[in-house]
There are 2 protein chains.
Amino acid sequence: MARLKIKEILKNGETGSEVVAKGWVRTKRGSKNVNFIALNDGSTIHNLQVVVDVESFDEALLRDITTGAAIAVTGELVESAGSGQNVELNAKSIDLLGKADPEKYPIQPKKHSLEFLRENAHLRFRTNTFSAVFRIRHAMAFAIHKYFNEKGFNYLHTPIVTASDAEGAGQMFRVSTLDAKNPPLTEEGEVDYSQDFFGKATNLTVSGQLEGELGALALGEIYTFGPTFRAENSNTTRHLAEFWMIEPEMAFYDLKDNMDLAEEFLKYCIQYALDNCMDDLQFLAQRLKEEEKNKPQDQRSMDLIEKLEFVLKNDFIRLPYTEAIDILKNSKPYKKKKFQFPVDWGVDLQSEHERYLVEKHFKCPVILIDYPKDIKAFYMKQNDDGKTVGAMDVLFPGIGEIIGGSQREEDLEKLTKRMEEMDIPTEEMWWYLDTRRFGSVVHSGFGLGFERLMLFVTGMGNIRDVIAFPRAPKNAEF
Amino acid sequence: MARLKIKEILKNGETGSEVVAKGWVRTKRGSKNVNFIALNDGSTIHNLQVVVDVESFDEALLRDITTGAAIAVTGELVESAGSGQNVELNAKSIDLLGKADPEKYPIQPKKHSLEFLRENAHLRFRTNTFSAVFRIRHAMAFAIHKYFNEKGFNYLHTPIVTASDAEGAGQMFRVSTLDAKNPPLTEEGEVDYSQDFFGKATNLTVSGQLEGELGALALGEIYTFGPTFRAENSNTTRHLAEFWMIEPEMAFYDLKDNMDLAEEFLKYCIQYALDNCMDDLQFLAQRLKEEEKNKPQDQRSMDLIEKLEFVLKNDFIRLPYTEAIDILKNSKPYKKKKFQFPVDWGVDLQSEHERYLVEKHFKCPVILIDYPKDIKAFYMKQNDDGKTVGAMDVLFPGIGEIIGGSQREEDLEKLTKRMEEMDIPTEEMWWYLDTRRFGSVVHSGFGLGFERLMLFVTGMGNIRDVIAFPRAPKNAEF
C-alpha cells in the first residue's frame with residue numbers, strides 16, 4: 001500500500017479506510033492499555049494521532065517509540081474522539097524505521113529556547129515553530145515567482161561572483177583560489193590577482209541590480225531572486241552575512257509605476273500567505289501571543305493575522321522625505337528629545353524615525369520618496385530640484401525598511417557626472433553605461449530583502465530564525 | 001494612454017484601436033515614402049511592424065531611428081499585409097526615447113558570432129537568439145518551482161558560504177575577509193582562519209545536498225535551487241565555475257521512487273516548454289537548422305521540437321551499470337577499438353560511452369543505476385552485493401549526464417564506516433550523522449544542473465550561452 005502524507009490523511013482520509021502513514025514521533029503518551037502517538041511527517045503543522053492497543057504490540061517495540069523516532073504505521077482510520085482532528089489512526093502494524101535515543105536526542109517535547117534551536121539548526125525543522133516557518137518560507141518564495149511570472153517578468157540569474165561593487169554598498173567577501181598564505185605578488189609588491197582564478201580580484205555580489213538593468217533594457221521586465229552578501233561585522237537580529245534578495249527591474253516604469261508595483265507585490269505575497277498558510281500562521285500567531293504574554297499590554301504586537309490583514313486593507317501612504325522630516329520635527333518624541341538620532345533635512349532616517357512614522361503617526365505602511373541625493377546611490381534618478389533623487393523606501397510596522405528602490409537615471413551625461421562626483425570608476429562600468437548610450441529608456445526597480453518579508457509574515461523576532469542556516473560573524477555552522 | 005506590451009498587441013490587438021507601444025528598434029527599412037520599423041520590447045520573439053508615413057514626420061527624427069534606438073509609438077492598429085503578424089501599427093506620433101549611434105552600437109542587424117555576443121553579454125539579450133534563450137530560462141525555472149510546489153515539496157535555501165566540502169566534489173573557491181597580502185598566522189605559521197570573518201576557513205558551496213537531507217528528514221520533501229561553484233580550471237563548452245543546481249531530497253523515497261520522480265520531473269519541464277515557449281522554440285529550432293546546414297546529414301541534430309517531443313513520448317530505459325558495461329563490450333565501436341577510454345567493470349563511464357548507449361543503442365534517455373561504490377560518493381546507499389551503490393545517472397541525448405542522484409545510506413554504522421574508508425572527517429560532519437542517529441529513514445535525492453537542462457531545451461551548444469553572465473577561468477566580466 002502506498003504511503004499517504006499526513007496532510008492528505010487529515011484532509012481527505014475516510015473513516016474505515018486502511019492507510020499507511022510514515023513520519024517522526026512528536027510525543028507518545030497514554031496508559032497501560034492504550035498509547036497515543038502524535039505523528040508528524042512535515043507536510044502539515046498538525047499531527048496524526050495514532051492509537052495503539054498496547055496488548056497487540058511487542059513491548060520492546062513500543063519502548064523504542066520515543067520522541068524523534070521514525071515509524072511507519074498501517075491501520076484503519078477512525079473518527080477522532082479527542083485529537084482535535086477529524087480522524088485518527090488505529091494501528092494494526094508498526095515498523096520502527098529509526099530510533100532516537102531519549103538520552104541523546106536534543107529535541108525533546110518541552111520548550112526549547114530559540115538560541116538552543118539555532119545551535120541545533122540541523123534538527124530544528126522538526127519542531128512546530130520551525131516547520132511552520134520553513135513551510136511559509138517556501139510559500140512566500142513560490143508566491144514571488146508566481147506573481148512575477150503572471151506579470152510577464154523574466155527571472156534572471158545575475159552573477160554571484162563579481163568583479164564590481166554594485167553600489168559601494170558595504171564590505172565584501174573576497175573570492176579567490178590564490179595561495180592564502182603566500183599569494184603571488186606583482187613587481188609593486190601587491191597581490192597579483194591576474195594570477196587568480198578569474199584573472200582579477202573578485203568578490204561576492206552585494207546586489208544583482210546593475211546586471212538586472214541590463215536584462216530589463218532588453219527583455220522589458222526582469223527580476224532576480226538570489227543570495228547576496230555583506231561582510232559587515234554586525235551581530236544583530238536584523239543582519240545576516242548571507243541573505244536572499246528579490247530585485248525586479250522594469251523598463252518604461254517611472255517612480256509611480258515602481259511604487260504601484262511594490263505595493264501590489266507585497267500585498268500579493270501577504271494575501272498568498274493568508275490563502276495558503278493559515279494553519280502555520282495560526283500556530284505562529286499563538287506562539288507570538290505566548291511569547292509576549294508577560295509584556296505590558298502596550299508593548300505587545302498586534303495579532304499576527306490581524307496585522308497581515310491590516311496591510312492588505314490599507315493603501316500605503318506615499319510621502320516625500322521632506323514632508324516626513326517636517327512631521328518628525330513636529331512630533332512629540334522630537335519635542336521631548338526622545339529620539340536618539342538627529343532629525344534634519346539631509347540625514348538618513350533611523351529606525352526610530354521610520355517606526356514613529358509608520359507605527360505612531362500614520363499607523364500604516366509608508367512609502368517615502370524623493371530622498372536627498374547625498375544619502376542615496378549614484379544610479380538614482382536626479383530630480384529637477386537638484387537636491388533630491390527619485391528614491392523610494394517602503395517602511396513596514398515592526399520591520400522598518402522592507403523595500404528600497406528608485407527610478408534609475410537614464411541620462412548618460414547626468415549619470416556619468418554623478419559617478420565622477422561620487423568616485424565611482426566609470427571606465428570599469430562601461431557595460432553599465434552602454435545601456436545609457438544605446439537605446440536608453442526610463443526605468444525603475446527595487447530590492448526586497450526576503451528575510452525581512454519573512455520576519456513580517458511569521459512574526460519571528462530574529463532574522464536568524466527565518467533562514468535555514470544563518471551566516472553571521474563567527475558563524476558558518478552546518 | 002497606457003503602453004501595451006507587444007506580445008499583448010500581437011495576440012489581442014484589435015484593428016482600428018489606438019495603442020502605445022514602446023521598445024527597441026530591431027531594423028528599419030523602406031522607401032522614400034514609407035518606413036517599416038521592426039519594434040521589439042522583449043515580451044516576445046516577434047516584432048511589431050510600425051508603418052511610418054515619411055512625409056508626416058521630421059526627417060531628423062527618422063534619421064535617429066536606427067537599430068538599437070528606443071522609441072515610443074502611438075498609432076492605430078491595422079490589418080497587416082506582409083509582416084507575418086495579424087496587425088501592424090500605423091504611427092501617428094513617435095517619441096525618440098534613446099538613440100543608438102550606428103557607428104558605435106555593437107548589435108547591428110547582421111549575423112554576429114556567438115563569441116562576439118558573449119563579449120557583449122550586456123547587450124546580447126537584445127538579439128532574437130538570446131531573448132529566446134532567456135525567456136525559456138525563465139519558463140524552465142518557473143516550471144521547476146511549479147512542479148515541486150504542486151508535489152508538496154518545500155523550497156529550501158541551503159547556504160552558499162560553507163565550511164564543509166559536501167562530496168569532496170572538486171576544487172573550491174575560498175571566501176575570506178582576511179588581509180590578502182599579509183594574512184594573520186598561527187604560531188605554527190599557518191593562516192589563522194580563527195580571525196577570519198566566520199572564525200574558520202570557508203568556501204563556496206559545491207552542493208546543497210547534505211543540508212537538503214537535513215530538511216527532508218523533517219519536512220518530508222524539499223528541493224534546493226541555487227548557485228553552486230567549482231574552481232576547476234576547465235575551459236570547455238560544458239563547464240562553468242558558477243552554475244545553478246536543483247537538488248530535491250525526499251524522505252521515504254527509495255531508488256525506484258527517485259527514478260520515477262526524476263523522469264516525471266524532466267518530462268514536466270519539457271512539456272512546460274512546449275506548452276509555454278513554442279514561439280521561442282520554433283525560432284531556436286530554425287536557428288539550429290541554419291547553423292548545421294553545412295554539416296553532413298548524419299551529423300545534424302534532430303529537429304529541436306521533435307527531440308523534445310521524443311523525450312516525452314518514451315519511457316526512459318532503466319539499466320544497471322553492470323549490464324551497460326556488457327552492452328558496451330559487445331558494441332561495434334568497442335570491438336573496432338573506436339572508444340578512446342577503456343570499458344571495464346569499475347571504470348567511470350565517459351561521455352563517448354554514455355552517448356553510445358543513449359544515441360546509438362537505446363535511442364532513448366537512459367537511467368543507469370547501481371554503480372560501483374568506488375566511483376561514487378560516500379553517502380550513497382550500499383547495495384547488498386558489497387560492490388555497488390544505489391546511484392542513478394540520467395543520460396540524455398547530446399548532453400550525457402543531466403541528472404545524478406542516489407538513494408542515501410540511512411544506516412549510521414555503514415555510513416560511518418564508509419566515511420572512514422574514504423577519509424571523510426566524521427567529527428566535522430556530526431550534524432549530518434545526527435540525521436542517522438535520530439529518526440533515520442530511507443531517503444533519496446538527485447541533482448539537476450540547470451544549465452544542462454537549458455542546453456537540451458534550447459539546442460544551444462555552449463553552456464556559456466544559456467546563463468546570463470558566465471563565470472569561467474579568467475572570466476568574471478559584467
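Reader: Two strands count as paired if DSSP finds at least two bridges between them. So in what order do the strands of the open sheet run?

Author: This is a predicted model, so local features need pLDDT of at least 70 and side-chain atom pairs count only at pLDDT 80 or more, while totals for chains, interfaces and linings use all residues. Residues are numbered from 1 along each chain as its sequence is written, chains are lettered from A and ligands numbered from 1 in the order in which they are written, and side-chain values use heavy atoms, with hydrogens and water left out. The order is E7(A)-E9(A)-E8(A)-E8(B)-E9(B)-E7(B), 6 strands with antiparallel pairing. Strands (E, at least two residues) and helices (H or I, at least four) are DSSP runs, numbered from the N terminus.

Reader: Which are the edge strands?

Author: E7 (161-162) of chain A and E7 (161-162) of chain B, each pairing on one side only.

Reader: And how many bridges join E8 of chain A to E8 of chain B?

Author: 3 bridges, between residues 174-176 of chain A and residues 174-176 of chain B, running antiparallel. A:Val175 has B:Val175 as its bridge partner. Within chain B, 2 bridges link E8(B) to E9 (residues 202-204), also antiparallel, and B:Arg174 stands opposite B:Asn203 there.

Reader: What turn lays chain A on chain B?

Author: A turn of 180° with a shift of 0.0 Å along the axis, giving an RMSD of 0.0 Å (least squares on the C-alpha atoms of residues with pLDDT of at least 70 in both copies). The two copies are therefore related as by a two-fold rotation axis. In chain A, the C-alpha nearest that axis belongs to A:Val175, 2.5 Å away.

Reader: Switching to the interface: how many residues does the contact take from each chain?

Author: 116 from chain A and 116 from chain B, where contact means heavy atoms within 4.5 Å. 100% of chain A's interface residues are also interface residues in chain B, so the copies meet through the same surface.

Reader: What area is buried between the two?

Author: About 8800 Å², with carbon and sulfur atoms giving 63%; that's the accessible area (1.4 Å probe) the two parts lose on being put together, summed over both. A:His157, A:Phe252 and A:Phe438 supply 9% of what chain A buries against chain B, more than any other three residues.

Reader: How many salt bridges across the interface?

Author: The rule finds 6, taking a side-chain nitrogen of Lys or Arg within 4 Å of a carboxyl oxygen of Asp or Glu. One of them joins A:Lys200 and B:Glu477, at 2.9 Å, N to O. As for elements, helix H4 (residues 128-150) gives the most to the side of chain A that touches chain B, with 10 residues.
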